[in-house]
Amino acid sequence: MATSPMDKGFGQGSPELKRWAERVFAPEDDVLREIRERSVAAGLPAIAVGRMDGRHLEVLARAVQARRAVEIGTLGGYSGVCLLRGMPDGRLDTFELEPVNAEVARESFVKAGVADRARIHVGPAADKLRDIEGDGPFDLVFIDADKTGYPTYLTWAEEHLRVGGVVLLDNSFAWGGVVAPDSDGTRAIAECAQRLAHGGRWRATMLPTEEGLAFGVIVR
Ligand SMILES: C[S@@+](CC[C@H](N)C(=O)[O-])C[C@H]1O[C@@H](n2cnc3c(N)ncnc32)[C@H](O)[C@@H]1O
């Protein structure tokens, strides 16, 4: 039990609290459940964001009144639908390396009734992001793809978000690896945290989801 702010838990993994939050907030409706299940049935890895993470994305998109958002790492479209639900008048550009994943996402966007507001770019995000640079500035960038690419994607976000725009980086605890990074992926994620915490145009924090959602805002 925490006894003072210094030793308060952060990112606690209590199954009871998880069940409680999901019962109270009911973050996953039938549309999202169908996307999750169809993605796995199609052979995609079961690595979409968690149910409460999906709700975080929707609410954060609403909080910044996002109208132009970018997602790096589409998979089957689960998090993309959450983002689009958070911006009823907004558009999403989402980037996915694997054509088969993009096909599943395309169907997800149709089934969720958001296909007219979603554009899927297929190929390596570091290259394909150039295609939309003329459309900025953007309100929100969600990074959830190859971990070694995170520093490049963070630079892109810093250059293309408006003042007050936000970046969100999933898996920012690197499954514990940020404490003592020992691989290219964990070093890349730890580097992003350092940059968000200490550099550039960012004011940032960590949302203590199970996997860590780094959250930065562009300041003047
Ligand atoms: C964790 S999954 C994304 C999950 C998705 N955001 C969701 O919650 O529904 C990561 C995705 O990034 C894609 N990916 C990996 N490397 C990529 C790259 N260089 N460019 C674009 N997408 C990439 C993978 O194919 C995979 O579909």
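**Exercise 1. In which hand, left or right, does helix 1 pass helix 3?**

Solution. The model is a predicted one, in which local features need pLDDT of at least 70, side-chain atom pairs count only at pLDDT 80 or more, and totals for chains, interfaces and linings use all residues. Residues are numbered from 1 along each chain as its sequence is written, and side-chain values use heavy atoms, with hydrogens and water left out.

Step 1. Helices (H or I, at least four residues) and strands (E, at least two) are DSSP runs numbered from the N terminus. The axes of helix 1 (residues 15–25) and helix 3 come within 10 Å and cross at roughly 50 degrees; axes are lines fitted to C-alpha atoms, for helices over the stretch in contact, with angles from 0 to 180 degrees between N-to-C directions.

Step 2. Helix 1 is therefore oblique to helix 3, given that angles under 35 degrees count as roughly parallel, over 145 as roughly antiparallel, 65 to 115 as roughly perpendicular and the rest as oblique.

Step 3. The crossing of helix 1 past helix 3 is left-handed (the near helix is turned anticlockwise from the far one by less than a right angle; clockwise would be right-handed).

**Exercise 2. Determine how helix 2 and helix 5 are arranged.**

Solution. Step 1. The axes of helix 2 (residues 30–41) and helix 5 (residues 99–111) come within 10 Å, crossing at roughly 160 degrees.

Step 2. The two helices, 2 and 5, are therefore roughly antiparallel to each other.

Step 3. Helix 2 passes helix 5 in a right-handed crossing.

**Exercise 3. Describe the surroundings of the ligand.**

Solution. Step 1. Around the ligand stand 22 residues, of which Val49, Gly73, Ser79, Glu96 and Asp144 come nearest (a residue is near if one of its heavy atoms lies within 4 Å).

Step 2. Polar contacts are pairs of N or O atoms within 3.5 Å; within protein, one must be able to donate a hydrogen and the other to accept it, and residues adjacent in sequence count only if both atoms are side-chain atoms. A side-chain N or O atom of Glu96 is 2.6 Å from an oxygen atom of the ligand. Backbone N or O atoms also approach ligand nitrogen atoms: that of Gly73 at 2.8 Å, and that of Leu97 at 3.1 Å.

Step 3. The protein buries 88% of the 610 Å² that the ligand exposes when taken alone (Shrake-Rupley method, 1.4 Å probe; for residues, only the protein chains shown count as cover).

**Exercise 4. Locate the cis peptide bond.**

Solution. The bond from Gly136 to Pro137 is cis, with omega near 0 degrees. Pro137 is placed in the loop between helix 6 (125–128) and strand 4 (138–143).
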